[in-house]
Amino acid sequence: QVQLVESGGGLVQAGGSLRLSCAASGRTFRSYAMGWFRQAPGTERDFVAAIRWSGGISEYTNSYADSVKGRFTISRDVAKNTVYLHLNSLKPEDTAVYYCAARVRGAAVRVRGVEEYDYWGQGTQVTVSS
């Protein structure tokens, strides 16, 4: 079993920044992809960003939703089993609960769908005021 715990959410003014963290614990695992999704009230859980292991030990591929490209950055600390999402130039429409997810079942071809992931965190609230 794998546990994912998000942290770093909060209230920030438009134009501000936050850094979300997702710490993985539990049995030793190799994640083939780690993703961030977000969900606002009354909406579906939407893809935000993902980091996918693409071969060699240091070969990762990042993917972003168009709505966050250039503003958000995903990164990973392998030694700490932690993935980060750096949120810059925040907008009120970025307000949502942010979830991290891990895929352990095998190599990921697609990373933007919720069905691609095996484990989820409990979420952390990000609120951006105008």
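The predicted model has a radius of gyration of 14 Å for the protein chain, which agrees with the value near 14 Å that a compact globule of 130 residues would have. Along the principal axes, the C-alpha trace spans about 40 × 25 × 25 Å. Of the 130 residues, 44% count as buried. Contacts between residues at least 6 apart in sequence were also examined, and 58% of these join residues at least 24 apart.

The secondary structure of the protein chain comprises 11 strands and 0 helices. Read along the sequence, the pattern is accordingly β-β-β-β-β-β-β-β-β-β-β.

Four of these elements make up an open sheet of 4 strands, in the order β1-β3-β8-β7 and with antiparallel pairing. The edges of this sheet are occupied by β1 (2–7) and β7 (72–77); each has a single partner strand, so one side of each is left without a neighbour in the sheet. From one strand to the next, the twist averages 15 degrees. In general, strands of a sheet pair through backbone hydrogen bonds, in either a parallel or an antiparallel manner. At the β7 edge, 6 bridges join β7 to β8 (residues 82–87), the two strands running antiparallel. Within this pair, arginine 76 is placed opposite valine 83 of β8.

The disulfide count comes to 1. The bond is formed by cysteine 22 and cysteine 100, whose sulfur atoms lie 1.9 Å apart, a separation that satisfies the criterion of within 2.5 Å. The link between cysteine 22 and cysteine 100 is right-handed, with 50 degrees about the S-S bond. Distant parts of the chain are thereby linked: cysteine 22 belongs to strand β3 (residues 18–26) and cysteine 100 to strand β9 (residues 96–103), the two being 78 residues apart. Both cysteine 22 and cysteine 100 are buried.

In soluble globular proteins, nonpolar side chains tend to be buried together. The largest nonpolar core of the present model contains 36 residues, of which Leu4, Trp36, Leu85 and Tyr98 touch the most other members. Two or more residues are given to this core by each of β1, β3, β4 (33–39), β5 (46–53), β7, β8, β9 and β11 (124–129). The strands of the open sheet, β1, β3, β8 and β7, are thus among the contributors to the core, as are β3 and β9, the strands that carry the two cysteines of the disulfide.

Note on methods. Residues numbered from 1 in each chain as written. Predicted model: local features only at pLDDT ≥ 70, side-chain atom pairs only at ≥ 80, totals over all residues. Heavy atoms only, no water. Pairing = 2+ DSSP bridges. Axes fitted to C-alpha atoms, helices over the stretch in contact; angles between N-to-C directions. Buried < 20%, exposed > 50% of the residue type's maximum accessible area, 1.4 Å probe, protein only. Core = buried A, V, L, I, M, F, W, Y, C linked by side-chain atoms within 4.5 Å. Rg over C-alpha atoms; globule rule 2.2 N^0.38 Å. Contact = heavy atoms within 4.5 Å.
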